[in-house]
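Reader: Hi, could we go through this structure together? I am new to reading models, so I would like to take it one topic at a time.
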Amino acid sequence: MGKMFRVLGKRGRVTIPYEIRQRVGFAYNDILSFTEDPDGRTVVVKRERLCEGCADGQAPGDFNDTVTLEEFLDGLSADQQRAALIHLSVKWAEQQGGDLNAGA
């Protein structure tokens with residue numbers, strides 16, 4: 001495989017080339033970890049699992065959570081927490097509106 005180049009956007013985003021995503025098996029909604037090597041110039045990207053039982057083929061609901069929801073949310077950046085709050089608020093409002101209309 002030859003060297004591939006991508007430009008880091010002003011928001012710190014970069015697209016992992018399609019060929020690499022296909023080869024290593026990265027897919028939509030995968031959880032990725034980033035580890036900086038001691039050289040300060042290399043970052044290792046790995047696909048991760050949030051549960052220990054997932055490696056054994058268990059469904060996500062069939063394991064004991066190793067990370068609580070609060071711990072997960074606390075690990076998000078302030079912008080990510082704000083986006084999650086907005087998303088959940090809209091979902092909650094939609095459900096409330098749907099329940100109120102159904103009873104009318």
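Reader: To start, what share of the contacts in the protein chain with a separation of 6 or more comes from residues 24 or more positions apart?
Author: Residues 24 or more positions apart account for 0% of those contacts. Please keep in mind throughout that this is a predicted model.

Reader: OK, and how many helices and strands are there in the protein chain?
Author: The protein chain has three helices and two strands, and, read from the N terminus on, these elements follow the order α-β-β-α-α.

Reader: How much of the chain is buried?
Author: Of the 104 residues in the protein chain, 8% are buried.

Reader: Since it's predicted, what average pLDDT does the chain get?
Author: The average over the protein chain is a pLDDT of 80, and 76% of the residues score at least 70. Among the elements, β1 has the highest confidence, with a mean of 91, whereas helix α2, which covers residues 69-74, has the lowest, with a mean of 80. There is also a stretch, residues 60-65, where the pLDDT is below 50, and beyond near neighbours in sequence this stretch has three contacts in the model.

Reader: Let's look at the strands then. Which way do β1 and β2 run, parallel or antiparallel?
Author: They run antiparallel, with six bridges joining β1, residues 31-36, to β2, residues 43-48. To give two examples of facing residues, S33 in β1 is opposite K46 in β2, and E36 has V43 of β2 as its bridge partner.

Reader: And what sits between the two strands of that hairpin?
Author: Six residues lie between the strands, and one of the residues in this hairpin, G40, takes a positive phi near 75°. The loop between β1 and β2 also holds D37, and, leaving out residues up to four places away in sequence, D37 touches T42 and V44.

Reader: Why does D37 count as partly exposed?
Author: Its relative accessibility is 29%, and because the partly exposed class lies between the 20% and 50% cut-offs, D37 belongs to that class.

Reader: Which residue other than glycine has a positive phi?
Author: N29 is one such residue, with a phi near 70°. For background, most residues other than glycine have a negative phi. N29 is found in the loop between α1 and β1, and it counts as exposed because its relative accessibility is 60%, where the exposed class begins over 50%.

Reader: Changing topic, how much space is in the largest pocket?
Author: The largest pocket holds about 830 Å³ of space. Its lining is made up of 25 residues, and those nearest its centre are V14, T15, I16, P17 and V45. The elements that give two or more residues to this lining are α1, residues 18-24, together with β1 and β2.

Reader: Which of those elements gives the most?
Author: That is α1, which gives three residues to the lining of the largest pocket.

Reader: Last one: how do the lining residues divide into nonpolar, polar and charged?
Author: In the lining of the largest pocket, 15 residues are nonpolar, four are polar and six are charged.

Definitions and conventions:
Residues numbered from 1 in each chain as written. Predicted model: local features only at pLDDT ≥ 70, side-chain atom pairs only at ≥ 80, totals over all residues. Heavy atoms only, no water. Pairing = 2+ DSSP bridges. Helix = DSSP H or I, 4+ residues; strand = E, 2+ residues; numbered from the N terminus. 1 Å grid on protein atoms, 1.4 Å probe; cavity = no way out; pocket = protein on both sides within 12 Å on 5 of 7 lines; lining within 4 Å. Points joined across faces, edges and corners; volume = space filled by probe spheres on them. Nonpolar A, V, L, I, M, F, W, Y, C, P; charged D, E, K, R; others polar. pLDDT = per-residue confidence, 0-100. Contact = heavy atoms within 4.5 Å. Buried < 20%, exposed > 50% of the residue type's maximum accessible area, 1.4 Å probe, protein only.
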